[in-house]
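Here are a few exercises on cysteines and cavities. Have a go at each one before you read its solution.

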Amino acid sequence: MGFNKGKDDYKLAATSDEVGKGGKKGDKNKDFDNLKKEVEMDDHKLNLDDLSRKYGTDVNRGLTSTKAKEILARDGPNLLTPPPTTPEWVKFCKQMFGGFCLLLWIGAILCFIAFIIQMTSEEEKLYDNLYLGLVLATVVFVTGCFSYYQEAKSSKIMEFFKNMVPQQALVIRDGEKKSINTEDVVVGDVVEIKGGDKIPADLRIIGAHSCKVDNSSLTGESEPQTRSPDFTNENPLETRNIAFSSTSCVEGTARGIVINTGDNTVIGRIATLASSLDSGKTPIAIEIEHFIHIITGVAGVLGITFLILAIVLGYTWLEAIVFLISIIVANVPEGLLPTVTVCLTLTAKRMAKKNCLVKNLEAVETLGSTSTICSDKTGTLTQNRMTVAHMWFDDLIHEADTTEDQHGASFDRDSPTWAALSRIAGLCNRAVALADQDHIPIIKREVAGDASETALYKCIEMCCGSVSEMRNKSPKIAEIPFNSTNKYQLSIHKNSTPGETKHLLVMKGAPERILDRCSSIMIQGKEQPLDDKMKESFQNAYIDLGGLGERVLGFCHYNLPDDQFPEGFAFDTDEVNFPTENLCFIGIMSMIDPPRAAVPDAVGKCRSAGIKVIMVTGDHPITAKAIAKGVGIISEGNETVDEIAARLNVPVSEVNPRDAKACVVHGGELKDMTLDQLDDILKHHTEIVFARTSPQQKLIIVEGCQRLGAIVAVTGDGVNDSPALKKADIGVAMGITGSDVSKQAADMILLDDNFASIVTGVEEGRLIFDNLKKSIVYTLSSKIPEMSPFFFFAIANIPLPLGTITILFIDLGTDLVPAISLAYEAPESDIMKRQPRNAKTDKLVNYRLISVAYGQLGTIQATSGFFTYFVIMGENGFWPLHLVGLRSSWYDKQLHDLEDSYGQQWTYEQRKILEFTCHTSYFVSIVVIRWFTLIIAKTRRNSIFQQGMKNHVLIFGLFEETALATFLSYCPGTDVALRMYPVKPFWWFCSIPFALTMFTYEETRKYLLRRKPGGWLEHETYY
Amino acid sequence: MSKISAFMMMTLVSLVFAEEENSDAAFTFDYKRLRVGGLTLAAVLCLIGITILLSGHCRCKFNQDKRRTGSGAQPMLSDQGRACNC
């Protein structure tokens, strides 16, 4: 949504480039391009002989130790090269000399230059510029250290994530089984894996026994995949005979030959791709850069004007240059760097409290500017845990509770059919809970076994009590495990239920296969013949549940008659000496990896905040679409092209793709698309699901969104997400389930894996952007009252109204806390209801902000300061006009009888005291008028009376700045040390009339802004 | 708020009071008393400021919570989304 508006004319930068080419790097980096291509591999096509010849290994005896050593020396250890870590001192220097800091450094250097010029040219030693330079340098240094420390703290938390336990792998070398460290595994090694192991390297499977692997971190498929020696697919990622490094074996055992190790593994390639990507500047860094340009521009213009004026007025070149430097330095907002840093830190802290860990301080704001979120499905939107979602029995679809905390609706458990169904699901099930987990809620217990059996186990455990008790009551006598030809699993149990036969046969499997074996069906506990009507009803339920992307299992049982099968009958599973036909169908159960509870709400909030949510997953389109509908990524009532075609009963090609708001794109289609076509999809569909995408394609999608001008956030947990996480403007990884590689690549980590935290991030990001604007207006508005005294000192030759020390006390003393306190300001309107800011037009600092801060607030403040100055001078006998042109005699050290307007004579020292009293009073009156400025800066559109004064830090700031000003003025000793003198009580009030004028003016302006939205005033003054 | 405004008033009164006392002697200003008064004022302001900061600390959180629950109460797309799952 966000980036569609007004960007249709946006020209593509590199349309002719082929897919998979990073626009920036071009052909220079062939390795990089190579990484971005899909995985190429042919080992899965080879037969065993070719394979063992290729790798010089023996399928049974493995490598010899000496050969393994040679290969290890050649290929290096089986480790992922860690991403190049920036040395600490480079990080420190980045904090010291990045962006804003550079501006202050330049200011400091200019000060030193001016000081040197003054030292060499003038006899009188003026140390002001030296002090100023030193203060500037100190400010940058301290702020640099502070932000370095902050980032070091969050990278320390990152260290916790690192898994330092060395993994072991079971290899066969010299014909013997050996357990070695994973890093010593080499290409050609024969490795044995079993359930629970992490796969040490990419393996070509040569033998397997009901082996299943969990590929979710690599491909995003939530269901475990079967692994066998058979070559089943051209695509190495799809074929059954390859197991990938760092995925895990869920059950069964397998033996395989290592075909890739370390960085050459599929996962290694992805990790290398991720670390070789350049993530670019954060939006706030771009904004600050823009701000620096503006400030430099303003300083330059003012400085040059002043230089020309000075020359015209007859100053010498050197003097004029010192003036120029002073003006430029006076323009540097010394206080803004600490203000911005502290504001960002405060927000980062607030987010950390809500379990969002921000790795880079600048990333705090990025979520606020985000206009597109590309989210992974498995583990991010879903729980990554198969759960029973629906059941069909008694000719009805029942809904099971899939929520994480089990608060959802329950179904009718009274039916005898349910009792029968739950008995089969519990008995015909090989999942076993691990020991010592009684204190843990069932849903969180670790269960060993296939994902769908685990789901069934937990479902039964929760609905009907202990499964192991049930199994003890009806011990298993015989079993036929699931295999791909039968597509069913069968077991025979002793049955002690009164009224039933002694043996019970239970079976589960693919529903259509199960139904074929049944001749009756149980309805309300009674067996009925299976007629066509029932079969049709079953078909409908099956299609319905399948359409929801759920994995469906059918259940049936059979009471083996006692006369044929007496107690002690020897059941033979090979001969099958018992009936497996004419059974009694009970029902079906379907499982899905359900969405996390908080996700639909979060997606809805993102929508209303104008953020487009795209799902990018490696999982199958049907499942992806079902989850997308479940969480609201495809909202109700929106149809895809296919659905429109189905509804209108016309071929897909006849439907106008523009009619469909929703869209599901298969990775296969994406592979053949040109960039134009991809852009077209991203532009014209608001609700998009990308399914079966490879990590490389995820990257291409992110780049596509960025090409259209969107600021993209990517959320993900798997290794397959990491290139996209790195490329995105902000990558968000999951803290608990996320893989190390994804956490390395991300900018932000959700410590509680709660997708809803993203909404918090967006809210905080937008708030800090608004509040930074306010802080900047407040800080910048003191520039004019600080610069104008010097200006008039040089132009009108009046004694200096405000000195360097007092300026520094405003910028780094009294202004600091109030400016920071604006970070605590509550939003003016519901920030989650507006569109994300347009990165090209909505700037942090624009000319309107400068004009309000300098032209409107600044000038009024300067006037009030000058008024105070003239009042004090007048009270002491110097009338304003008398002051003009008085400079040379005022600063003449030999002149001890300078006459004022009344003819009183002033010695040099007396004049100095009067001048510094003026400085102090100017300072005090600026502090007073800045109370009001702060209150004005609190809001950009609302009246202060709407906004209220609930910000306690801000009130603290007001008191603190006043206390500091009072202290500086009245504390004994400050007159000697800082040349600040006590201010008479009346002088405090000189600026009040100006303050009230400014306040009224601003309230009127904001009133008119609210009255006429989009009018001239808004166009010119709304920053 | 009332507490704050009361203190503001007191500050103003004390300032005006100090001024009146010294207004008759225009040329011999009692800077010592002014300094003492000013420093006392600074100390008082500082204390008030800190009090407000500390008292506001818990209230700030409360405000934020209110903000969050307020925005959470609106009807969301999600409800529909969940409905279509079943």
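**Exercise 1.** Work out whether Cys705(A) is buried or exposed, and why it has no disulfide.

*Solution.* Start with accessibility: in this predicted model, Cys705(A) has 0% relative accessibility, so it counts as buried. Next, look for a partner. The closest cysteine sulfur belongs to Cys374(A), and it sits 4.3 Å from the sulfur of Cys705(A). A disulfide needs the two sulfurs within 2.5 Å, so this pair is too far apart for a bond.

**Exercise 2.** Do the same for Cys145(A): find its accessibility and its closest cysteine sulfur.

*Solution.* Cys145(A) has a relative accessible area of 26%, which makes it partly exposed. Its closest cysteine sulfur is in Cys101(A), 10 Å away, and that's too far for a bond. Now widen the search to the whole structure: over all chains, the number of disulfides is zero.

**Exercise 3.** Describe the largest cavity: its volume, which elements line it, and the classes of its lining residues.

*Solution.* First, the count: there are three cavities of 30 Å³ or more. The largest has a volume of about 60 Å³.

Then go round the wall. Cys374(A), the neighbour from Exercise 1, is one of the lining residues, and others include Ser375(A), Lys698(A) and Thr715(A). Strand 9 (372-375), helix 23 (695-707) and strand 24 (712-716) of chain A each give the lining at least two residues. Helix 23 of chain A has the largest share, with three.

Finally, sort by class: the lining has six nonpolar, three charged and two polar residues.

Notes
Residues are numbered from 1 along each chain as its sequence is written. Chains are lettered from A and ligands numbered from 1 in the order in which they are written. This is a predicted model: local features need pLDDT of at least 70, side-chain atom pairs count only at pLDDT 80 or more; totals for chains, interfaces and linings use all residues. Side-chain values use heavy atoms; hydrogens and water are left out. Buried means under 20% relative accessible area, exposed over 50%, partly exposed in between (1.4 Å probe, protein chains only). On a 1 Å grid over the protein atoms alone, a cavity is a set of points where a 1.4 Å probe fits but cannot get out, and a pocket is an open set with protein on both sides within 12 Å along at least five of seven lines; lining residues have an atom within 4 Å of a point. Grid points are joined across faces, edges and corners, and a volume is the space filled by probe spheres set on the points. Helices (H or I, at least four residues) and strands (E, at least two) are DSSP runs, numbered from the N terminus. Ala, Val, Leu, Ile, Met, Phe, Trp, Tyr, Cys and Pro count as nonpolar, Asp, Glu, Lys and Arg as charged, and the others, Gly among them, as polar.
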